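Please walk through this structure with me, beginning at its surface and ending at its backbone.

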Amino acid sequence: QVEPVESGGGLVQSGDSLRLSCAASGDRFSGYAMAWFRQAPGKEREFVAAISWTRVNMYYADSVKGRFTISRDNAKDTVYLQMNSSKPEDTAVYYCAAEGDMGSSWYDNPGDPQEYDYWGQGTQVTVSS
C-alpha cells in the first residue's frame with residue numbers, strides 16, 4: 001500500500017517561496033506518476049502539477065505555470081513542489097497523489113483525479129497579502 005505523506009506547508013507572504021515535499025510511507029512510488037492537487041475553502045479540488053516516473057513528462061495548471069515547479073527524486077522516493085511568486089489565491093490544502101497502475105491513460109489525463117489511486121492527508125499553505 002502506497003501512502004503519500006506531505007510536508008512543508010505553512011504561512012508565507014505574497015511573493016514568497018515555499019517548497020512542499022511528498023514522501024512515500026509504506027510501499028515505494030516506483031513506476032508511478034505523481035501529482036499535486038489543491039483545495040481551497042468552499043472550492044473543489046483542482047489539479048496543480050504532475051510528473052511522470054521518468055521525469056520526462058511534466059504538466060501544470062495554467063494558474064501556476066511559470067511559478068511552480070514539480071520535481072522528483074526517485075532514489076529518495078520523494079516528490080517536490082517548488083512554489084515561487086506565491087499569491088493569496090494559492091492558499092489551499094495541497095495534496096500529493098500517486099497513480100497506482102502505471103497505465104498509459106495517465107498521459108492523456110494527468111489532471112484527472114480519477115487517474116490517481118493513492119492520496120495523502122494534505123498540507124495547508126496560506127499566502128497572506
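By class, the lining of the largest pocket comprises one nonpolar, three polar and eight charged residues, where Ala, Val, Leu, Ile, Met, Phe, Trp, Tyr, Cys and Pro count as nonpolar, Asp, Glu, Lys and Arg as charged, and the others, Gly among them, as polar. The model is a predicted one, in which local features need pLDDT of at least 70 and side-chain atom pairs count only at pLDDT 80 or more, while totals for chains, interfaces and linings use all residues. Residues are numbered from 1 along each chain as its sequence is written, and side-chain values use heavy atoms, with hydrogens and water left out.

The residues that line this pocket are Arg38, Gln39, Ala40, Lys43, Glu44, Glu46, Ser63, Arg67, Lys87, Glu89, Asp90 and Thr91, and the volume of the pocket is about 170 Å³. Rolling a probe the size of a water molecule over the atoms shows where empty space is left. Here a pocket is an open set of points on a 1 Å grid over the protein atoms alone, where a 1.4 Å probe fits, with protein on both sides within 12 Å along at least five of seven lines, and lining residues have an atom within 4 Å of a point. Grid points are joined across faces, edges and corners, and the volume is the space filled by probe spheres set on the points.

From the pocket we turn to the interior. The largest nonpolar core, a set of buried Ala, Val, Leu, Ile, Met, Phe, Trp, Tyr and Cys residues joined through side-chain atoms within 4.5 Å, has 35 residues, of which Trp36, Leu81 and Tyr94 touch the most other members. At least two residues of this core are supplied by each of strand 3 (18-26), strand 4 (34-39), strand 5 (46-51), strand 7, strand 8 (78-83), strand 9 (92-98) and strand 11 (123-128), strands being DSSP runs (E, at least two residues) numbered from the N terminus.

Tyr94 shows how many neighbours one such residue can have: not counting residues up to four places away in sequence, Tyr94 touches Glu6, Leu20, Trp36, Phe37, Arg38, Val48, Phe68, Leu81, Met83, Gly122, Thr123 and Val125, a contact being heavy atoms within 4.5 Å. One of these neighbours, Met83, is found in strand 8 and counts as buried because its relative accessibility is 1%, the classes being buried under 20% relative accessible area, exposed over 50% and partly exposed in between, with a 1.4 Å probe and protein chains only. Leaving aside neighbours within four places in sequence, Met83 has contacts that include Asp16, Leu18, Arg67, Phe68 and Val125.

The aromatic rings give a second view of how the chain is assembled. A search of the whole structure finds seven aromatic pairs, in which rings of Phe, Tyr and Trp (its six-membered ring) have centres within 6.5 Å, with planes under 30 degrees apart counted as stacked, over 60 as edge-to-face and the rest as tilted. Tyr32 and Tyr118 are a stacked pair because their ring centres are 6.4 Å apart and their planes lie at 25°. This pair links distant parts of the chain, since Tyr32 is in the loop between strand 3 and strand 4 whereas Tyr118 is in strand 10 (residues 118-119), 86 residues apart, and both Tyr32 and Tyr118 are buried. The rings of Phe37 and Trp119, by contrast, have centres 5.0 Å apart and planes at 55°, so that pair is tilted. Phe37 lies in strand 4 and Trp119 in strand 10, so this pair ties together parts that are 82 residues apart in sequence. Phe37 is buried, with a relative accessible area of 0%, whereas Trp119, at 26%, counts as partly exposed.

Phe37 and Trp119 also belong to one aromatic cluster together with Phe47 and Tyr116. Tyr116 is placed in the loop between strand 9 and strand 10 and is buried, with a relative accessible area of 5%. Not counting residues up to four places away, Tyr116 touches, among others, Ala33, Met34, Phe37, Ala50, Trp106 and Pro110.

Finally, two loop residues deserve a look for their backbone angles. Arg55, in the loop between strand 5 and strand 6, has a phi near 70°, a positive value in a residue other than glycine, and counts as partly exposed at 46% relative accessibility. Asp77, in the loop between strand 7 and strand 8, likewise has a positive phi, of about 55°, although it is not a glycine, but Asp77 is buried, with a relative accessible area of 11%.

Terms used. Helix = DSSP H or I, 4+ residues; strand = E, 2+ residues; numbered from the N terminus.
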